Amino acid sequence: MIEIPSDLHRDVVPLAFLLGTWEGAGVYDFPGTEKCNFGQEVVFRHDGRPFLEFRSRTWVLDEQGEKVRPLENEHAFWRITTNAQGTSGEREIEVSSVRDDGTVEIWYGKLHDGKPQIDLATDAVARIEGAPAYSGGKRLFGMVKEELLWVGEKAAPAVPLRPYMSAQLKKVLSPAKLIQDINDLPDDGIAFFR
């Protein structure tokens, strides 16, 4: 079930399915780097303005699933630019992001009509001098059976566009929400089971 916060800006209501903290694991594989399994935490949140804030932290996992070292961090802002109310099919989305390796990206894409799926492609990429070679990418996000699945494709000057990173994430329950739900139980707690 998707909950829509009362203070969520109306322009981003179609993105409400993304809100919350998501955790899971995936695979990273790009030529010139070490292939690995990674853990990931993604947070989508809002502050009432017409965008969602996105934060992603990833780390390399060993064979036992333990954290080894950081892999990649990203911070972004997601907006719906046209058709926010969904009156004419797909909604257009723009994302501005920065990664810890010194890469800044502008993404454009679409939220599909009638299903929780988002396709994005880079429109602009800027890098600081020491950032790895990178010329563009694509991403696909989708909600499947209450899990957030995503795949990223990447291109570099010497490597054509190819999948390089994907993950399967589950929503993390908020302790504050659990406490709120407990407070809604009858005083003795037993009546709930009758």
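The following paragraphs describe the strands, the pairings and the enclosed spaces of this predicted model.

Confidence in the prediction is considered before the fold. The protein chain has a mean pLDDT of 89, and 85% of its residues reach 70 or more. Over residues 189–194, however, pLDDT stays under 50, and the model has 4 contacts beyond four places in sequence for this stretch. Where pLDDT is low, the predicted coordinates should not be read in detail.

The architecture is that of a barrel. It is closed by 10 strands, which follow one another in the order β1-β2-β3-β4-β5-β6-β7-β8-β9-β10 with antiparallel pairing. From one strand to the next, the twist averages 25 degrees. Strands of a sheet pair through backbone hydrogen bonds, either parallel or antiparallel. Strand β1, covering residues 20–28, runs antiparallel to strand β10, residues 159–171, and 7 bridges join the two. Within this pairing, G26 of β1 has A167 in β10 as its bridge partner.

The pairings from β6 to β9 can be followed in sequence. Strands β6 and β7 are antiparallel and share 9 bridges. They form a hairpin with 5 residues between the strands, in which G114 takes a positive phi near 85 degrees. In this pair, K110 stands opposite D119 of β7. D119 also has a bridge partner in β8, namely L140. Strand β7 (residues 117–127) and strand β8 (residues 136–144) are themselves antiparallel and joined by 5 bridges. On the next step round the barrel, β8 pairs with strand β9, residues 147–156, in the antiparallel sense over 9 bridges. There G136 stands opposite A155 in β9. β8 and β9 also form a hairpin, with 2 residues between them, and K145 in the turn has a positive phi of about 50 degrees.

Attention now turns to the spaces left among the atoms. Rolling a probe the size of a water molecule over the atoms shows where empty space is left. The structure holds 2 cavities of 30 Å³ or more. The largest cavity contains about 100 Å³ of space. It is lined by 13 residues, and those closest to its centre are Q40, S56, E74, R139 and W150. Two or more lining residues come from each of β2 (36–45), β3 (52–61), β4, β8 and β10. By class, the lining of the largest cavity divides into 6 nonpolar, 4 polar and 3 charged residues.

The second largest cavity has a volume of about 40 Å³. Its lining consists of R99, E105, W107, Y134, K138, R139, G152, E153, K154 and Y164. The elements that give two or more residues to this lining are β6 (103–111), β8 and β9, and the largest share, 3 residues, comes from β9. The lining of the second largest cavity holds 3 nonpolar, 1 polar and 6 charged residues. R139 is among the residues closest to the centre of the largest cavity, and R139 also lines the second largest cavity.

A pocket is described last. The second largest pocket holds about 310 Å³ of space. Of the 16 residues that line this pocket, Y28, T33, L71, E72 and K154 lie nearest its centre. Strand β4, residues 67–82, supplies the largest share of the lining, with 4 residues. The lining of the second largest pocket comprises 9 nonpolar, 1 polar and 6 charged residues. K154 is one of the residues nearest the centre of this pocket, and K154 also belongs to the lining of the second largest cavity.

Technical notes
Residues numbered from 1 in each chain as written. Predicted model: local features only at pLDDT ≥ 70, side-chain atom pairs only at ≥ 80, totals over all residues. Heavy atoms only, no water. Pairing = 2+ DSSP bridges. Axes fitted to C-alpha atoms, helices over the stretch in contact; angles between N-to-C directions. pLDDT = per-residue confidence, 0-100. Contact = heavy atoms within 4.5 Å. 1 Å grid on protein atoms, 1.4 Å probe; cavity = no way out; pocket = protein on both sides within 12 Å on 5 of 7 lines; lining within 4 Å. Points joined across faces, edges and corners; volume = space filled by probe spheres on them. Nonpolar A, V, L, I, M, F, W, Y, C, P; charged D, E, K, R; others polar.
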